[in-house]
Amino acid sequence: MQDFDYVSAKTLKEAVSLLNRHGDQACVLSGGTDILVQLREGRRKARLVVDIKGIPQLNQLSCTKAKGLTLGAAVPCCQIYEDKTIAKAYPGLIDAVSLIGGIQIQGRATVGGNLCNASPAADTIPALIALGAVCTIAGPKGTRKVRVEDFCVAPGRTALKKGELLVSIHLPPPKPRSGAYFLRFIPRNEMDIAVVNAGASVLLDARKQTFVSARIALGAVAPTPLFIPEAGEALVGKSVSDGAVSEAAEIAKAAARPISDMRGAAEQRRHLCGVLARRALQGAIQRAKGGN
Amino acid sequence: MADVKEFKVVGTRPIRHDGTDKVTGRALYGGDVRMAGMLYGKVLRSPHAHARIKSINIRKALSLPGVRAVVTGKDLPDAADRIAELGEGAVNLKYLGNNCLADDKVLYKGHAVAAVAAVNAHVAEEALSLINVKYEVLPPVLDVREAMKDDAPLLLPELRTTSLGQKGDKPSNVASHFQFKKGDPEKGFREADLIVEREFFTATVHQGYIETHNATAMWNPDGLLTIWCSTQGAFTVRQQASELLNIPVSKIKVVPMEIGGGFGGKIRVYIEPVAALLSRKTGRPVKIVMTRAEVLEGTGPTPGSYIRVKIGANREGRITAAEAYLAYEAGAYPGSPVGAGAMCIFAPYDLENAQVDGYDVVVNKPQTSAYRAPGATNAALAETLIDEIAERLKMDPIDLRLKNAAKEGVRRVDGPVFPRIGCVEVLEATRNHPHYTAPLGGPNRGRGVALGFWFNVGLKSSASASVNADGTVSLVEGSTDIGGSRTTAAMHVAEELGIAAEDVRPVVGDTDSVGYTDVTGGSRVTFATGWACYEAAQDIKRQLCERAARLWEISSDDVTYENGGCVSRSDPSRRITFKELAGKLGDTGGPVVGRASVDPQGVGGAFAANIVDVEVDPDTGKTQVLRFTVVQDAGKAIHPSYVEGQMQGGSVQGIGWALNEEYFYDSKGVMRNASLLDYRMPTCLDLPMIDTVIVEVPNPGHPYGVRGVGEVPIVPPAAAISNAIYHAVGIRMNCLPMSPGKVLEEILKKG
Amino acid sequence: MPVVYIPALMRDLTGGVERVEVEGATLRQVVNNLDARFPGAKARLCQEDRIRPNVAVAVDGEITRLGMLQTVRPDSEVHFLPAVSGG
Amino acid sequence: MSKKVHVQTRINGEEVEFLCEPRQSLLEVLRDELGLTGSKEGCNNGNCGACNVLLNGRLVNACLVLGVEVQGREVTTIEGIASPEGLHPLQQKFLEHAALQCGVCTPGFIVAARALLDKTPRPTEGQVRHWLAGNLCRCTGYDKIVRAVLDAATVKKGKR
């Protein structure tokens with residue numbers, strides 16, 4: 001593997017100044033499940049590796065009815081799905097964090113890292129988009145917030161500027177009669193990168209028969225995880241029915257711009273967009289109605 | 001004979017002797033070798049699938065601090081362009097050498113071009129990037145049918161098509177063509193009431209052993225070379241190294257470390273001679289361990305193939321004629337297992353009229369190696385036509401197979417006559433299994449069956465067994481142990497001497513410590529090495545009888561060995577147990593060592609059948625295996641747990657081959673999925689339990705009736721799953737793998 | 001007399017004949033006598049007086065590893081096949 | 001080359017110090033620097049589980065951890081699974097069920113299964129298969145491995 005120095009940053013300030021000083025010569029290490037492979041295979045170059053697991057703000061994990069969920073960027077997946085409160089409040093997030101890699105990966109991999117790796121096929125991102133998550137970023141000029149759907153700008157590239165660091169991800173508290181669901185399609189039952197993945201959330205009216213709002217996102221079908229607002233908007237005011245769901249799924253499918261590679265052909269991916277968007281919506285509706 | 005013999009040890013399930021070392025992490029595999037002053041080697045590999053090497057400049061690499069040596073193809077003595085018998089298949093030495101380190105041409109992406117030895121692996125890796133190789137890139141040819149065309153890019157300009165000694169006159173990528181013909185196929189097809197014909201396309205797949213290739217070499221100043229490595233055959237490594245390095249075998253000792261899987265892929269050498277060259281240049285031990293990408297891109301996969309099969313049958317379900325055309329990708333150099341595939345394809349059936357044509361074709365992919373019943377799995381896709389005939393005739397598919405099943409006395413399409421075989425017994429056991437009639441319980445579910453054949457081989461094995469004074473035996477045999485075989489070997493000695501398996505301590509010897517032994521492959525170890533151990537035990541018995549005779553002061557003719565001891569024929573009250581006698585050896589003439597080397601005939605072929613239930617998701621094309629049963633004729637199961645293990649492991653490799661495993665190439669001939677992330681071998685979450693039924697039709701050619709079990713279980717799964725998919729969603733797949741994308745495509749086509 | 005089964009691709013030498021009886025107590029004698037009757041047969045099967053690599057000889061269904069030294073009985077069958085290697 | 005870093009940690013209950021380059025993975029350090037070769041390298045990118053170890057009780061791939069990261073932490077490798085009293089029930093059951101063939105994936109499976117039983121003492125077959133999906137075995141087809149783990153789970157807690 002290429003030669004590099006290692007620093008375990010203890011404060012946000014220290015990390016930011018290191019990243020600012022070294023620019024693209026530095027990279028951030030959290031769970032390491034992507035970055036170490038990329039460094040080893042030379043797909044990513046770095047002279048300095050900044051370990052951010054020692055920074056308090058990046059390890060926060062708080063979930064309250066009032067404030068919602070704040071998820072430190074260095075919190076590993078396992079810690080999220082092992083938290084009963086979070087599991088109950090955000091099953092749509094749990095869907096995603098509990099199927100990344102295997103148990104060994106989930107013990108290290110972080111949602112923050114999944115975001116910053118900015119893979120078009122990242123499994124947590126469509127779920128986060130559906131849940132309306134917002135990123136908190138710290139940098140030389142202080143902190144700023146970015147919506148998750150705006151965080152990835154190209155394969156492997158994010159909205160982070162020189163010296164900036166993802167601190168945490170915030171999810172609003174789940175509304176009553178709302179539900180979210182995430183799923184992916186892979187050839188095996190574990191350990192694969194998504195051929196297509198999909199996240200959806202819905203909010204139903206008091207009688208749980210009409211859509212108040214909905215959000216749908218697809219992964220692995222565009223250069224970045226794809227938020228498709230028009231698909232969700234198409235459901236607003238419609239009564240909950242297979243027809244409405246299929247319509248929205250078709251809109252999502254139409255928005256996809258898949259390519260062909262060793263994980264799937266464009267045509268296959270396009271077809272799967274419809275299937276997964278539909279299944280994601282159905283799962284979200286079921287949860288909104290109080291099922292699981 | 002075998003079927004009447006009463007066994008005490010054979011057929012039991014003792015804990016393997018090497019087990020504790022392996023569950024505690026103490027067992028030493030090739031990659032675990034560490035030595036004082038050891039250097040680490042890394043191999044530079046071609047980024048191109050087909051190119052001429054214009055020049056290699058190593059100056060920069062040599063000047064990197066920590067680098068001790070660099071070697072290229074020039075450092076390999078020119079190997080003669082001749083074919084050597086390497087114990088398990090013949091190999092052209094020039095090609096073998098060029099595959100270890102290319103000379104003037106690279107023939108696949110990942111082809112070894114140079115190697116570096118440095119103080120650690122990271123420095124060696126950095127040095128690779130400093131080696132400057134100038135290539136003239138040539139167009140690659142990746143598909144077997146493309147490669148057969150007259151205008152295809154030629155890999156080996158000197159290559160001419162040979163068909164039984166007849167050489168073609170123009171250059172070609174077709175290395176050889178052969179043909180089997182029995183009876184009159186044309187007439188047979190005229191007599192048929194229905195004829196089915198299909199073509200199949202199968203992708204390149206890899207053996208996928210979890211341990212990557214590794215080799216550590218120390219070339220002493222006295223000219224003695226020692227190689228520690230993971231190999232299926234220490235003696236074949238010794239011979240290959242001797243041929244490639246041009247030194248006598250007596251100057252080479254190969255120490256077979258524990259091996260992390262082989263399946264046929266760890267027979268040919270790759271890095272062993274390279275580590276040796278680097279050691280000679282540096283005077284230090286040099287260790288090379290391949291990365292997973294190197295294993296996938298640079299070591300023997302098993303061929304992709306194009307297969308066309310035509311079968312005719314009459315209304316009664318009798319096959320009247322069969323025809324097959326098999327074209328296999330040999331990879332960069334000739335030597336695909338198309339011959340075996342051609343001999344196996346119709347072997348389960350008693351055919352009057354048949355013709356099989358086989359073609360061995362070079363393409364710009366890694367040179368293929370053996371993989372568990374090499375060539376037979378591709379060919380077994382013919383089983384999907386048998387299923388189709390049964391469906392069209394409204395016959396039970398197993399009844400149809402039984403109607404045509406091969407049995408003792410049947411002449412195979414390739415000529416020879418079958419001895420006693422268990423084809424019928426396997427089919428009957430399959431039909432009688434509760435799985436065969438169990439309800440499927442759900443939509444989009446289907447059940448498939450298929451039958452497969454593999455020859456098994458015998459070859460040479462040696463063993464020596466020393467009697468210890470405490471009544472135990474130390475056994476040295478030469479078969480590297482990939483699946484518990486040293487325990488199976490010990491069980492033969494224990495059975496014959498009437499002692500416990502635990503009282504025989506088996507070790508796998510290096511090439512200086514045991515007689516010549518061929519590779520662990522061809523399902524031969526239990527058959528042949530077990531037989532050597534059986535003979536070594538007979539040798540011990542003979543000597544013990546003489547000792548007992550001396551003790552009792554009677555003639556040795558009056559002493560026989562039975563029930564775990566010596567007894568006097570004339571006075572059966574005179575009896576001494578093995579343990580008692582072992583304690584007296586010192587005073588009766590000294591130590592007793594039993595020895596044997598065998599090259600046995602009497603190999604027994606094996607049949608396996610599968611019943612598999614699948615569920616196909618019609619929206620995604622994904623196939624889930626719900627239930628799987630494998631029925632196999634083992635002849636005699638020495639250690640049933642490890643026989644089941646072979647059946648289960650082989651079945652699951654077949655399932656992976658059927659559903660998801662494939663080399664995914666881009667148009668430039670670059671493998672795009674050279675990692676265990678995207679080369680998708682089954683995980684335990686993809687599988688059900690694998691039910692096993694061991695059928696025992698004793699092989700009359702073996703003292704215990706052993707046939708060999710390792711390979712045949714990989715033969716039927718792909719065809720069985722293809723049949724199951726058809727019965728689930730009504731599509732006949734004509735390719736491997738039957739990955740979700742391809743199944744979905746067919747489902748959508750069907751509408 | 002031992003019966004030699006002529007491989008399909010060698011039947012051009014035998015005028016299409018698939019099976020011939022040939023004198024001989026060893027494989028060498030059989031091959032030599034076969035060549036005497038069908039000139040060129042030996043060259044197809046052998047190289048430097050040895051069976052070609054990648055060609056296996058089955059006598060009575062058993063692949064022999066004695067090559068030309070293999071004894072052949074009067075009632076034996078001789079087949080020439082592609083050599084098979086296992087995994 | 002970057003300066004080697006001095007690392008203090010606990011491995012299998014023992015205080016351990018070592019020097020390593022920042023780029024060396026925990027797997028390299030265990031195997032090449034400390035001679036703990038029970039953890040195997042099968043893929044070096046987190047897809048086979050042969051290098052599984054426990055890091056502060058958590059199951060991880062040692063190939064995806066830097067040696068320098070274990071400063072002040074606790075590592076358990078396959079060499080630390082058995083006790084002076086004898087084999088861990090998982091190890092015993094792997095032997096009894098013939099749940100290994102070549103054995104190279106076995107250390108990873110046993111470490112992974114140990115982590116499972118610590119968390120879920122009586123897992124179902126489904127839970128075992130899900131938990132072990134990150135460990136590849138090419139020899140056994142997993143059948144006997146899954147049975148061995150389920151059987152080990154029936155051994156009384158005190159014995160684990």
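These legends go with close-up views of a predicted model.

**View 1. Where chain D meets chain B.**
Start with the busiest spot: of the four pairs of chains that touch, B and D share the most contacts. On one side sit 46 residues of chain D, and they are in contact with 43 residues of chain B. Looking for landmarks on the chain D side? The elements giving two or more residues to it are α2 (89-96), α3 (106-119), α4 (125-131) and α5 (143-152) of chain D. As for chemistry, that side of chain D splits into 23 nonpolar, 14 polar and nine charged residues.

**View 2. Where chain A meets chain D.**
Chain D also touches chain A: here 22 residues of chain A are in contact with 23 residues of chain D. On the chain A side, the elements that supply two or more residues are β1 (5-8), α2 (35-40), β3 (48-51) and α6 (103-106) of chain A. Sorted by class, this side of chain A holds nine nonpolar, seven polar and six charged residues.

**View 3. The sheet of chain A and the helix on it.**
Three strands of chain A make an open sheet, lined up as β1-β3-β2, with parallel pairing. β1 and β2 (26-29) of chain A are the edge strands, each pairing on one side only. From one strand to the next, the twist averages 25 degrees. Zoom in on β1(A) and β3(A) and you'll find a parallel pairing that runs over four bridges. One residue to pick out is Tyr6(A), whose bridge partner in β3(A) is Val49(A). Packed on the sheet is helix α1 (residues 12-22) of chain A, which touches β1, β2 and β3 of chain A. The direction of helix α1 of chain A makes about 165 degrees with that of β3(A).

**View 4. Chain B, domain by domain.**
Chain B is carved into domain 1 (38-138 + 211-260 + 266-298), domain 2 (301-456 + 604-750) and domain 3 (458-598). Take domains 2 and 3 of chain B: their C-alpha centres lie 39 Å apart. Where these two domains meet, 15 residues of domain 2 of chain B are in contact with 14 residues of domain 3 of chain B. Helix α19 (residues 640-659) of chain B gives the largest share of the domain 2 side, three residues. That side of domain 2 of chain B divides into seven nonpolar, seven polar and one charged.

**View 5. Glu546(B) up close.**
Glu546(B) belongs to helix α17 (residues 525-552) of chain B. Why does Glu546(B) count as partly exposed? Because Glu546(B) has 17 C-beta neighbours inside 10 Å, and a residue needs 20 or more to be buried, or 12 or fewer to be exposed. Cys566(B) is 20 residues away from Glu546(B) along the chain, and their C-alpha atoms are separated by 9.5 Å.

**View 6. Chain C on its own.**
Chain C has two helices and seven strands, and from the N terminus on they run β-β-α-α-β-β-β-β-β. The radius of gyration of chain C is 12 Å, close to the 12 Å that the globule rule gives for 87 residues, so chain C is as compact as a globular protein of that length. Along the principal axes, the C-alpha atoms of chain C fill a box of roughly 40 × 25 × 25 Å. Of the 87 residues of chain C, 41% count as buried. No contact joins chain C to chain D, and their closest C-alpha atoms lie 13 Å apart. Chain A and chain C have no contact either, with their closest C-alpha atoms 27 Å apart.

Definitions and conventions. Residues are numbered from 1 along each chain as its sequence is written. Chains are lettered from A and ligands numbered from 1 in the order in which they are written. This is a predicted model: local features need pLDDT of at least 70, side-chain atom pairs count only at pLDDT 80 or more; totals for chains, interfaces and linings use all residues. Two residues are in contact if their C-beta atoms, placed from the backbone, lie within 7 Å. Ala, Val, Leu, Ile, Met, Phe, Trp, Tyr, Cys and Pro count as nonpolar, Asp, Glu, Lys and Arg as charged, and the others, Gly among them, as polar. Domain bounds come from an automatic or database domain assignment. The radius of gyration is taken over C-alpha atoms; the globule rule is 2.2 Å times the number of residues to the power 0.38. Two strands pair if DSSP finds at least two bridges between them. Axes are lines fitted to C-alpha atoms, for helices over the stretch in contact, and angles run from 0 to 180 degrees between N-to-C directions.
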